[in-house]
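Thanks for coming. I will take the chain contacts and then the core, and keep it short. Here is the structure.

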Number of protein chains: 4
Amino acid sequence: MKKLGVVTSGGDAPGMNATIRAITRVAHSKGLEVFGFERGWEGLMKARVRPLTPRSVGGILGQGGTILYTARSPNFETEGGLEMASRTLKSNEIDGLIVIGGDGSFRGANKLSFKTDTLIVGIPASIDNDVFGTDETIGFDTAVNTAVTEIDKIRDTAISHDRIFIIEVMGKKRGFLALAGGIAAGAEVILIPEVKIRKQKIVQTIKENDAKGKKSSIIVAAEGIGDTRNLAKNIEKQTGSEVRLSVLGYAQRGGSPTARSRLLACLFGNKAVESVLNGQGSRIVGLKHGKIVTIDLEETCKIAKPLDLGQLELAHILAT
Amino acid sequence: MKKLGVVTSGGDAPGMNATIRAITRVAHSKGLEVFGFERGWEGLMKARVRPLTPRSVGGILGQGGTILYTARSPNFETEGGLEMASRTLKSNEIDGLIVIGGDGSFRGANKLSFKTDTLIVGIPASIDNDVFGTDETIGFDTAVNTAVTEIDKIRDTAISHDRIFIIEVMGKKRGFLALAGGIAAGAEVILIPEVKIRKQKIVQTIKENDAKGKKSSIIVAAEGIGDTRNLAKNIEKQTGSEVRLSVLGYAQRGGSPTARSRLLACLFGNKAVESVLNGQGSRIVGLKHGKIVTIDLEETCKIAKPLDLGQLELAHILAT
Amino acid sequence: MKKLGVVTSGGDAPGMNATIRAITRVAHSKGLEVFGFERGWEGLMKARVRPLTPRSVGGILGQGGTILYTARSPNFETEGGLEMASRTLKSNEIDGLIVIGGDGSFRGANKLSFKTDTLIVGIPASIDNDVFGTDETIGFDTAVNTAVTEIDKIRDTAISHDRIFIIEVMGKKRGFLALAGGIAAGAEVILIPEVKIRKQKIVQTIKENDAKGKKSSIIVAAEGIGDTRNLAKNIEKQTGSEVRLSVLGYAQRGGSPTARSRLLACLFGNKAVESVLNGQGSRIVGLKHGKIVTIDLEETCKIAKPLDLGQLELAHILAT
Amino acid sequence: MKKLGVVTSGGDAPGMNATIRAITRVAHSKGLEVFGFERGWEGLMKARVRPLTPRSVGGILGQGGTILYTARSPNFETEGGLEMASRTLKSNEIDGLIVIGGDGSFRGANKLSFKTDTLIVGIPASIDNDVFGTDETIGFDTAVNTAVTEIDKIRDTAISHDRIFIIEVMGKKRGFLALAGGIAAGAEVILIPEVKIRKQKIVQTIKENDAKGKKSSIIVAAEGIGDTRNLAKNIEKQTGSEVRLSVLGYAQRGGSPTARSRLLACLFGNKAVESVLNGQGSRIVGLKHGKIVTIDLEETCKIAKPLDLGQLELAHILAT
């Protein structure tokens, strides 16, 4: 085991840089050379690679984004794409490859693992927190805090104007961010793709709040629940209250990672290098039962991560 | 001069509460009683009023929104509306009324001033900074910082993905926020309602940046420039680069006011009380040539505030 | 089970208010009346009590500090003090008492539990994270982020001036905050009360960094490690570099709680009410193996919480 | 006019990097080459210089500190030091030198201006705001906001514990930061070097507050007012209340500059280049009466900047 490769893939997440730093410095302390492939799978296919050293990863711990750049590469998961990547790994004598990304990236990594002798280990970094096998992904805590900070600000206006606000947060398929952000911001209603709620129910909640003296309400909705613009119009019509929509956009992906996202980056990075050094490939690193563990790569690709619906009920009680 | 009324009107702005606190405490120190009218002109028309004391305005200095609530009241600027407001002022023996709001609120205040003996003084509080006679409105500095913080975060993703981002900030008619935010965030292109820029020019700038090695660009656009969604599609087609749109929404109105917005709130509040005590009504307070002054209320309603186009040129040079 | 008491005790922590809100609203939804005792044990001894309702705890979710006030009460742990508190509980017919605080508060709670029939349940809220039985206390995550934000700022100056900085964070007896904050901020040296490090070793690390091209270094030290002022002078003498000391003070206790501190507050509050309703007293709530659990109150008072020294080693590797 | 030099000197301030970027890009657009001297006057004396290009100053707009490093150089203001610097300017054919720093740096710059043909222009960047001729220095707004954010947090604890806090902010000789921060944070007492206040007066204010129901008070003190530790003990003894001291340290110098500090950096940088191109040396750039102007370098060194004592009175009224 001499050479370690690193790649960031898929949507960026705060803490990717902290992860690159951790991997590089831990691997270096174990006598490994480290190489970064640029722009996700693109860099593997086209052999865009540069050495990473303890000094070259200095100063990036607190930076959002990824110094290795990232991209979505639809061509990668073809025979040809995997073949090219496999050849790059071989010609560069990469013994282990650490893939920093989300569930999409891990599906690619899994396919690649069947085409190469290089050991592949994944590190979950995604604001969506939708990776099976880990309670938390790097960047999730940062995104939740970014969302809550924004929602707190919007509440100032909601209260001052007696208005209803629908705040759309990221999450095309899953509601982890909406649920955590909604509870932490005290949202009166939380809408997630996993649970259908009838419009009539939402309207009823708002009317009940109004009767209790809560003239403003915050509805936090994951983007995957459907057309929030229409929803806003609908609720406005049925409640008679002003309803405004605010879509929290790409800022949720950026910013300096929180302490927790950085800490996870350090611990996950360390564990991934350890896994490679132990000859354990086709794994991802995760936080499970409060411990840093590894789990099977293929398993994480196949199983959908469960969401704690009990928290949704609690959220409802807490916003009374 | 014994009784002073206060009202917040129009869109809320960070620092309105700090202004209410300043007015109340300064007025109290001069022996005045202070009364707050709730929900903008609505409160004046319907005589919804409550006393404000140095203690009751404690703890609000750093809070966004307005404890007096605010609203837009289309009925106010009718004969009947002004009449009702005038009667409320008379029956409550309000000698002076301080109106905290933006240019729309001042137009209403101006009309009211012809129907009442109560002295009326305006304090400009608006994230739009579009009030003639003052270099800065309360809340503007906060909104600019909120926008810049968001844009800084989005730049992380822009760079990591080699993407173009259009970031839409508030400003239906004026570009003060877009211009200041764009310069402070180092936007490659700034689009404001005051200056038409041809799409071809934007595309050219992006291509030049690309040639220079700047693979990502940030375009900051005031909402008043037109359909940003369409613009994004257009630029994507013509540059071949990925273009994403992020609309910075209502969070720009909220949040704890910055030190500068709070300081302006204190100084403006103090000056407004002084103006009323000196018997000078039909004025607004402002920052002019670095000093706190008052100017004619009618004048501020009639003249459009000029925007420094030199800064737009400078922005272009700075983003090279 | 009809009446529930709540008290915040010891040093304040961000998220105490979120906890009060969660307890009140969950308890109310189960048909309980809730009463808050003011100023810690003082309020129990002197029967300073006020009702808490879903509406009266509105708007406090994101506020630092505690609306119930808190204090240290040396008299409480005497026979007389416990007797007075016990009588207050009886005369107010309090069936269950939830104590929000740190390890000191739990020792008092434990003593009280032998003098009363009221069921007592503790909720760990402390920036020190030093409560046995829970992986994390409410407020810890906020304090770590506050510290990291400050350290990030100081690093700007450290780098610009080629200076060594010692940054003292809170933690009289334990190093949880220093350790987590130090790793997350990339500190070159972390000093905690649990592990003695010789000055010579620190000097050596700094000299090695200097040789590697790192002209500035950050030393994060828990306040419990001894006289940091002296340490600064010593290191300055031995390295010849400028050394500055910055003591991060009480700001570490305040501020709006992070999303995670708020979420813990909600989950812990909910669990504590559940425990009381199940007739289980003399427990504290905690996060263990990723789950919300309760553990024995007496046990938490007797056992010192272990600190993961492996993280200290990792920190050293990460800062190379 | 072909070659422009830039140097940052004295204590660092947020926005120095934004200034370097502005100078470099504006100068480049006018056909000038730009060179940065490293570590303040040290770099001029020892000819440590590197080229600055529009690309090499990319990405620094929002970064605290200075990429050119800074230092205090006692040797500079000797005959020998000035001679060395003058020779460096000559041998590098530097036509104009822009000095970014505070009043100490300008005194050095003024002395140097008599020993060289290079045109020298100063840009005030200092968290102290103590430069005559400009209403505001780059970095001041950021430092005030940093201080206010911290004080807001400490107030949470102050209120929860009914405590008095003395918060020491930077300012060895001048009270600009303490005054602005104190007003914006609603400090009950503000202590600055320019105005002696008797301890008895402070104690009286605290007692009056207590009588009014304000059980906690915040005293903001500039470091130059004397021994705050002693003051804390004294007030504790005389009021019988708990008094805590918190020294806001070096974090006040760092952090990402606010929008306003960045904007000033852009405008000042632009004006400084313009001044050099117009052949006007021995000037500093400033904000005066709301406009960007230049004033005489020697004048700024000789005259102490006045502080608006009316604001101190207002602060007292506002904190009632």
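**Chains, contacts and core**

Chain B and chain C do not touch, and their nearest C-alpha atoms are 11 Å apart. For chain A and chain D it reads likewise: no contact, with 11 Å between the nearest C-alpha atoms. By contact I mean two residues whose C-beta atoms, placed from the backbone, lie within 7 Å.

Some housekeeping. This is a predicted model, in which local features need pLDDT of at least 70, side-chain atom pairs count only at pLDDT 80 or more, and totals for chains, interfaces and linings use all residues. Residues are numbered from 1 along each chain as its sequence is written, while chains are lettered from A and ligands numbered from 1 in the order in which they are written.

Now chains B and D. A rotation of 180° with 0.0 Å of shift along its axis puts chain D on chain B, at an RMSD of 0.0 Å; the fit is by least squares on C-alpha atoms of residues with pLDDT of at least 70 in both copies. The two copies are thus related as by a two-fold rotation axis. In chain D, the residue closest to that axis is His289(D), its C-alpha at 2.0 Å.

How many residues does each chain give to the contact? Chain D gives 33 residues and chain B gives 33 residues. On the chain D side, α9(D) contributes the most, with 6 residues. By class, that side has 15 nonpolar, 11 polar and 7 charged residues. Here Ala, Val, Leu, Ile, Met, Phe, Trp, Tyr, Cys and Pro count as nonpolar, Asp, Glu, Lys and Arg as charged, and the others, Gly among them, as polar. Of the interface residues of chain D, 100% are also interface residues in chain B, so the copies meet through the same surface.

One helix pair within this. Helix α6 of chain B (residues 176–184) packs on helix α9 of chain D (residues 259–277) at about 75°, the axes 8 Å apart. Helices are DSSP runs of H or I, at least four residues, numbered from the N terminus. Axes are lines fitted to C-alpha atoms over the stretch in contact, with angles running from 0 to 180 degrees between N-to-C directions. The two helices are therefore roughly perpendicular, a label for 65 to 115 degrees. Among the residues making the contact are Ile183(B) and Leu263(D). The contact divides into 6 nonpolar, 1 polar and 1 charged residues.

Last, Ile219(D). Leaving aside neighbours within four places in sequence, Ile219(D) contacts residues including Phe165(D), Val189(D) and Ile202(D).

Notes. Parallel < 35°, antiparallel > 145°, perpendicular 65-115°, else oblique.
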